[in-house]
Amino acid sequence: MAVIPDADGGRRSLMLEPEGPETSSVSSRKTSFIKRLLMTMGPGLMVCLADTDGSCLITAADSGSEWRYQLLLLQIILIPILYFAQELSVRLALAKGKGLCALLRIEAGKKWAWIVAIPLLIDCVLALISELTVFGQTLLACWDIPLWISSTAFALALVMLALTGSYAVAEKVGLFMGILQVLFFATIFANHPSGSEIWDDLWTFPLTNGNYIKLVTANIGAVIMPWMLAYQQSALCEKGITGETDDDAFLIERIDTGVGSLLTQGVMSAMLMTVAASKMYVGQDIETVDQLLVIFTETMHGALRAKIALTFAICGACMVAAIVVSLCGSWALEEAMGREVTSLPTSEVRQSCGGVFQRISWNVRHRPAFYAAFISTCVVAWVLTIFTPTFAVDLTGVWTQFINGLLMPPTIFSLWYLAAYTLPAEYRLGPCLKWSLFLVFGICSAFCFISIPFAIQDSLKKKL
């Protein structure tokens with residue numbers, strides 16, 4: 001199982017300091033539920049904040065521009081679907097203490113672990129290209145910062161964050177950057193949306209329109225991303241929140257996931273409603289941050305306000321998503337290889353690693369596969385973003401979510417199988433929930449596959 005040791009080499013755990021079994025048990029009983037909730041929340045909230053990344057925000061804007069509020073109900077419907085998809089990873093992490101690919105390797109064999117890990121790693125690279133592109137587009141559109149400068153700084157920041165060897169640091173940075181997206185809540189009613197238009201559009205479903213179907217698929221792909229599902233399960237293991245199968249542990253992580261699900265779909269809905277109520281680009285594709293800047297300049301009655309808001313919100317969304325996807329792909333590779341990382345005792349690490357560079361060297365030497373995958377992912381994404389900008393832009397927005405939608409079925413059904421058939425009876429999915437989720441995930445997967453000919457047809461029309 002992949003583990004990111006802290007800077008001092010120790011494993012991140014729920015306890016503030018090492019304690020013996022008896023002391024730990026007494027301390028746990030005395031800790032209030034609220035305090036425990038605040039101590040352990042993070043993986044679910046962070047992965048959901050990463051869900052509304054730069055390309056997702058563009059997808060939401062495109063949905064509002066082309067179809068006004070006709071995809072708003074879908075955002076609401078996807079809240080419980082997102083929650084239950086992520087809850088499967090919570091269930092597996094707490095009961096099994098293994099990441100997705102590590103668990104597949106044990107329960108289904110090496111072949112299935114690699115079948116999931118390889119597409120997952122590719123998806124993470126594509127997602128990182130998208131984050132670099134949208135991040136660069138935002139700084140270029142708002143402040144005229146060249147793409148090569150912003151992308152280089154972005155990639156270096158990710159590598160430096162990984163070299164700290166601390167999951168705790170990565171989570172804190174990610175949460176701080178990701179929460180900046182709530183700025184979009186302030187723009188929901190700025191364009192004075194019509195209540196009657198919203199109500200009428202909520203119940204309008206042009207399912208015979210190929211572009212509408214493609215956007216439905218893109219929104220599903222924007223919500224149920226393969227790397228999200230794998231990330232939360234591994235992150236819970238990294239944080240030390242495993243083996244705690246009491247009711248409070250499950251409730252806390254479900255609250256974490258539930259809050260994150262509501263927040264991420266709230267941000268998507270806010271972007272959709274803001275653009276739908278705008279008079280700019282009505283019925284047109286929204287594909288770049290330049291178009292968003294025009295819309296938000298009108299919405300916020302000033303270019304400077306719009307630039308500041310978009311810079312903080314979109315760059316924050318891109319950063320948290322980049323942290324999640326780069327960690328997820330590297331974890332998946334380690335887990336598929338069957339690598340277990342055993343941290344040295346804290347005192348031993350401190351004695352052998354006196355300075356920062358020594359600790360970095362220790363981290364790299366003890367986790368060569370992780371750092372090779374992490375740095376390679378960043379380098380490949382950076383090179384493609386800088387030297388093939390057209391390809392990078394094509395991946396941004398709807399097509400990124402479309403790719404996610406195609407890769408989602410094998411990932412979600414792997415989680416479903418593991419939660420339905422490999423867990424102890426008390427944590428296993430019950431018959432009703434098991435088959436209900438099978439039906440829901442099957443419908444989502446069907447939308448992904450059925451939309452392929454529509455998407456190809458729509459793409460060919462645009463080229464002509």
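## An all-helix chain and its salt bridges

The chain has 21 helices and zero strands, both taken as DSSP runs numbered from the N terminus (H or I of at least four residues for helices, E of at least two for strands). This is a predicted model, so local features need pLDDT of at least 70 and side-chain atom pairs count only at pLDDT 80 or more, while totals for chains, interfaces and linings use all residues. Residues are numbered from 1 along each chain as its sequence is written, and side-chain values use heavy atoms, with hydrogens and water left out.

Now the overall picture. Of the 464 residues in the chain, 56% are buried; that means under 20% relative accessible area, with exposed being over 50% and partly exposed in between (1.4 Å probe, protein chains only). The accessible surface adds up to about 18700 Å², and carbon and sulfur atoms own 68% of that. Those areas come from the Shrake-Rupley method with a 1.4 Å probe, and for residues only the protein chains shown count as cover. Take the contacts between residues at least 6 apart in sequence: 87% of them join residues at least 24 apart, a contact being heavy atoms within 4.5 Å.

On to the charges. A search of the whole structure turns up seven salt bridges, each a side-chain nitrogen of Lys or Arg within 4 Å of a carboxyl oxygen of Asp or Glu. Here are some of them:

| Pair | Closest N to O |
|---|---|
| Asp201 and Arg68 | 3.0 Å |
| Arg254 and Glu87 | 2.9 Å |
| Lys96 and Glu107 | 3.2 Å |

The salt bridge between Asp201 and Arg68 links distant parts of the chain, 133 residues apart: Asp201 sits in helix H10 (residues 195-202), Arg68 in the loop between helix H4 (54-67) and helix H5 (72-96). Asp201 is buried at 4% relative accessible area, whereas Arg68 is partly exposed at 33%. Both belong to a salt-bridge network that also takes in Glu197.

Then there's the salt bridge of Arg254 with Glu87. Arg254 lies in helix H13 (residues 247-276) and Glu87 in helix H5, so this pair ties together parts 167 residues apart in sequence. Glu87 is buried, with 3% relative accessible area, and Arg254 is partly exposed at 28%.

Lys96 and Glu107 form a salt bridge too, joining helix H5 to helix H6 (residues 100-107) across 11 residues. Lys96 is partly exposed at 29%, and so is Glu107 at 32%.

What about the cysteines? A disulfide is a covalent bond between the sulfur atoms of two cysteines. The structure holds zero disulfides, counting pairs of cysteine sulfur atoms within 2.5 Å. The sulfur of Cys318 has its closest cysteine sulfur in Cys315, 6.3 Å away, which is too far for a bond. Cys315 is buried at 6% relative accessible area, and Cys318 is buried at 0%.

Helix H15 (residues 303-337) gives the largest share, three residues, of a nonpolar surface patch. The patch is made up of Trp143, Leu183, Leu304, Ile308 and Phe312, with about 480 Å² of accessible area together. Patches use residues with over 30% relative accessible area and no salt bridge, joining like charges within 9 Å and nonpolar side chains (Val, Leu, Ile, Met, Phe, Trp, Tyr) within 5 Å. Phe312 is in helix H15 and is partly exposed at 46%.

Last stop, helix H7 (residues 110-143): its 34 residues should span 50 Å at 1.5 Å a residue, and the end C-alpha atoms, 48 Å apart, agree. The expected span is 1.5 Å times one less than the number of residues. Just after H7, Asp144 takes a positive phi of about 60°.
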